[in-house]
Amino acid sequence: MRVVRLYARLMGAHVRSILEYTGDFWIMMAGTAVMQIVNVVFLTAIFAKVPAINGWSFWAVVAMFGMVAVAEGVGSLFFEGMWSMAWLINQADIDYMLVRPYPVVLQVSSVQIGPHGLTNIVSGGLMVGFAVSHVDVTWSAGRIALAVVVLLSAIAIKVAINLATNAASFWMQSPSPLFAMAVHQAGDLARFPLSVYPWALKAALGFALPFAFVSFFPVAYLLGHGQAWVGLLTPLVAVYALVVAGWIFTRGLRRYESAGN
């Protein structure tokens with residue numbers, strides 16, 4: 001609980017700092033909201049020409065877009081500091097973190113906060129909510145509980161991927177997270193049904209970098225579409241992704257030699 005309180009206090013300090021410039025804050029919020037609106041307009045234009053994408057309806061794809069938005073929003077709002085890892089390593093700022101009585105991975109994660117993540121969470125949640133409301137699914141208490149677990153697991157997978165790919169900076173030693181950004185861009189493919197891609201991309205998005213478990217498989221379970229049972233594996237994939245990400249970060253931290261060595 002002490003670690004949780006410290007993390008919350010650090011996040012609160014970042015929020016107070018950002019709110020000192022309310023104009024910048026609201027411009028950022030508006031810009032993020034416009035991006036999500038553009039995504040919906042883009043999908044509307046596509047489905048105005050085709051009734052479905054490989055058997056997936058408009059609302060199913062909207063839900064996938066929404067899941068990606070929510071996962072990215074949580075990562076930005078609470079773990080934005082991961083994207084500063086390359087710079088912290090390059091500038092040897094990790095040195096200070098090693099002597100503090102606070103987990104290094106959480107120190108890195110809380111270096112920054114991405115306020116635009118709040119807009120992504122809200123807009124993505126609305127997209128998922130509207131999508132579910134337009135699909136005939138029978139909801140029970142058990143199914144709702146499973147859905148919550150699956151959605152939280154999907155978010156954890158995205159955060160784990162961000163941590164693992166940014167931790168590669170311990171080996172690359174570049175001040176910019178080029179590898180992590182490249183993987184992040186590849187993750188945009190998960191906004192669309194996995195079934196539309198060739199087998200190589202299916203393997204990459206489903207197993208090597210499990211972006212499909214951030215959006216496609218959880219949505220398949222929520223909407224009862226396709227191989228919905230695979231979505232129930234999302235919690236197991238989340239545990240695997242978090243363990244691997246933690247292992248990569250720990251190995252990288254052990255080989256860290258500060259600057260100039």
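**Cavities, pocket and a nonpolar patch**

By residue class, the lining of the second largest cavity comprises five nonpolar, four polar and no charged residues. In this predicted model, the volume of that second largest cavity comes to about 40 Å³, and its lining is made up of T165, S169, M172, S174, S176, P177, L178, F179 and A180. Two helices, α9 (169–172) and α10, each supply at least two residues of this lining, and α10 gives the most, with three residues.

The count of cavities of 30 Å³ or more comes to two, and the largest cavity has a volume of about 50 Å³. Lining the largest cavity are V68, A71, E72, K158, G187, D188, A190, F211 and V214, which divide into five nonpolar, one polar and three charged residues. The helix that gives the most to the lining of the largest cavity is α3, with three residues. Charged residues are thus represented in the lining of the largest cavity, where they number three, whereas the lining of the second largest cavity has no charged residues.

Turning to the open spaces, the largest pocket has a volume of about 440 Å³. This pocket is lined by 18 residues, of which E72, S76, H116, N120 and H184 are the closest to its centre. E72 also appears among the residues that line the largest cavity. Several helices take part in the lining of the largest pocket, since α2 (22–47), α3 (58–79), α7 (116–133), α8 (141–167) and α10 (178–186) each supply at least two residues; the largest share, five residues, comes from α2. By class, the pocket lining has three nonpolar, 10 polar and five charged residues. Helix α10, one of the contributors to the pocket lining, is also the helix that gives the most to the lining of the second largest cavity, while α3, likewise a contributor to the pocket, gives the most to the lining of the largest cavity.

At the surface, L118, V122, L126 and F130 make a nonpolar patch of about 380 Å². One of these residues, L118, is found in helix α7, a helix that also supplies at least two residues of the lining of the largest pocket. L118 has a relative accessible area of 41% and is therefore partly exposed; this value fits its place in the patch, because patches are made of residues with over 30% relative accessible area.

Note on methods:
Residues numbered from 1 in each chain as written. Predicted model: local features only at pLDDT ≥ 70, side-chain atom pairs only at ≥ 80, totals over all residues. Heavy atoms only, no water. 1 Å grid on protein atoms, 1.4 Å probe; cavity = no way out; pocket = protein on both sides within 12 Å on 5 of 7 lines; lining within 4 Å. Points joined across faces, edges and corners; volume = space filled by probe spheres on them. Helix = DSSP H or I, 4+ residues; strand = E, 2+ residues; numbered from the N terminus. Nonpolar A, V, L, I, M, F, W, Y, C, P; charged D, E, K, R; others polar. Patch = residues over 30% accessible without salt bridge, like charges linked within 9 Å, V, L, I, M, F, W, Y side chains within 5 Å. Areas by Shrake-Rupley, 256 points an atom, 1.4 Å probe, with all protein chains shown as cover. Salt bridge = Lys/Arg side-chain N within 4 Å of Asp/Glu carboxyl O. Buried < 20%, exposed > 50% of the residue type's maximum accessible area, 1.4 Å probe, protein only.
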